[in-house]
Amino acid sequence: GGFRGNLYQVKLLTLFFYRGLSLIYEYELGTEIEEAEKFDDLVFKYKNTSDEDEHYIMVQAKHKMEKTDKIKITDLLTDKDVNFGLVKYYNSFRKAENNELFKMGVIDYVIVYTNNEFDAKTEMILKDDIEEVDLAKENMLCLCKIDKKGKFYKFKSEFLLEKLKPLVKKFLCEYYRIAERLVDFLLMYMKSGGRCTEWERF
């Protein structure tokens with residue numbers, strides 16, 4: 001966070017700006033795009049030569065001052081609003097996907113860029129659930145010329161179905177439970193002619 005976090009974000013924006021120019025894309029670059037939800041730090045809209053669709057890459061930048069505080073499995077598999085919680089990012093992706101701004105295009109990637117790493121235990125637990133993607137040098141996301149140690153991981157669909165789906169379902173159940181209580185209150189409020197005092201209990 002703070003100054004270093006902002007500088008990290010600016011570096012990523014500069015990288016995408018340069019890549020867009022050097023790869024001769026027709027593109028637009030934005031930051032703090034509200035419609036991108038949690039992936040608002042960087043939104044790269046472009047057209048490639050293979051089709052006429054608008055394509056999007058959306059990024060959340062996470063800079064860590066203390067690299068000793070590595071990413072744990074409990075940080076990923078939680079429905080709480082924590083830095084690397086996958087449920088939070090999944091829900092953000094779904095909201096962005098259905099937003100009018102992105103509906104007519106194709107979201108190619110939603111990415112969490114970070115200078116942090118998985119801890120050893122998490123790497124062992126996830127070894128069958130993630131795969132390292134070997135990006136071609138001309139790929140927009142390739143960091144090979146900038147950071148030799150940089151890696152690009154993606155989660156396998158089996159992991160998302162088996163381990164993330166139950167957490168998302170739990171999150172949605174809580175969301176709907178609150179919505180149902182709110183509807184009950186509004187009905188009670190209307191029946192009482194606006195004199196209901198149940199709000200304090202909500």
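User: Is Tyr113 buried or exposed in this model?
Analyst: Tyr113 counts as buried, because its relative accessibility is 7%, under the 20% limit for that class. Please note that the model is a predicted one.

User: How many aromatic pairs does the structure hold?
Analyst: There are 8 aromatic pairs in the structure. One of them joins Phe16 and Tyr113 in an edge-to-face arrangement, with 6.5 Å from centre to centre and 85° between the planes.

User: Where in the chain do Phe16 and Tyr113 sit?
Analyst: Phe16 belongs to helix α1, whereas Tyr113 belongs to strand β4, which spans residues 106–114. The pair thereby links distant parts of the chain, 97 residues apart.

User: And is Phe16 buried or exposed?
Analyst: Phe16 counts as buried, as its relative accessibility is 0%.

User: What is the geometry of the pair of Tyr109 and Phe152?
Analyst: Tyr109 and Phe152 also form an edge-to-face pair, with centres 6.0 Å apart and planes at 85°. Tyr109 lies in strand β4 and Phe152 in the loop between β5 (130–132) and β6 (153–155), so that pair connects distant parts of the chain, 43 residues apart.

User: How do Tyr109 and Phe152 compare in accessibility?
Analyst: Tyr109 is partly exposed at 31% relative accessibility, while Phe152 is buried at 14%.

User: Which residues do ring pairs link into a cluster?
Analyst: The cluster consists of Phe16, Tyr27, Phe44, Tyr46 and Tyr113.

User: Turning to Met140, where is it found?
Analyst: Met140 is found in the loop between β5 and β6. Met140 is buried, with a relative accessible area of 4%.

User: Which residues does Met140 touch?
Analyst: Leaving aside residues up to four places away in sequence, Met140 touches Phe16, Arg19, Gly20, Leu23, Tyr25, Phe44 and Ile57. The C-alpha atoms of Met140 and Ser22 are 9.9 Å apart in space, although 118 residues separate the two in sequence.

User: New topic: how many salt bridges does the search find?
Analyst: The search of the whole structure finds 9 salt bridges. Asp69 takes part in one with Lys64, at 3.4 Å from N to O, and in one with Lys72, where the closest N and O atoms are 3.6 Å apart. Asp69 is partly exposed at 37% relative accessibility, and Lys72 is partly exposed at 35%.

User: Which residues do shared salt-bridge partners join into one network?
Analyst: Glu28, Lys45 and Glu54 are joined into one network by salt bridges that share partners.

User: What about Lys127 and Asp128?
Analyst: Their side chains meet in a salt bridge at 3.5 Å, N to O. Both Lys127 and Asp128 are exposed.

User: Which residues make the nonpolar surface patch?
Analyst: Phe3, Leu7 and Val10 make a nonpolar patch of about 310 Å². Leu7 lies in helix α1, residues 2–22. With a relative accessible area of 37%, Leu7 is partly exposed, and therefore passes the requirement of over 30% for patch residues.

User: Lastly, what is the overall secondary structure?
Analyst: The protein has 6 helices and 6 strands, ordered α-β-β-β-α-α-α-β-α-β-β-α from the N terminus. Of its 202 residues, 33% are buried. The protein exposes about 13900 Å², 54% of which is supplied by carbon and sulfur atoms. Among contacts between residues at least 6 apart in sequence, 58% join residues at least 24 apart.

Key. Residues numbered from 1 in each chain as written. Predicted model: local features only at pLDDT ≥ 70, side-chain atom pairs only at ≥ 80, totals over all residues. Heavy atoms only, no water. Patch = residues over 30% accessible without salt bridge, like charges linked within 9 Å, V, L, I, M, F, W, Y side chains within 5 Å. Areas by Shrake-Rupley, 256 points an atom, 1.4 Å probe, with all protein chains shown as cover. Salt bridge = Lys/Arg side-chain N within 4 Å of Asp/Glu carboxyl O. Helix = DSSP H or I, 4+ residues; strand = E, 2+ residues; numbered from the N terminus. Buried < 20%, exposed > 50% of the residue type's maximum accessible area, 1.4 Å probe, protein only. Contact = heavy atoms within 4.5 Å. Phe/Tyr/Trp six-rings, centres within 6.5 Å; stacked < 30°, edge-to-face > 60°.
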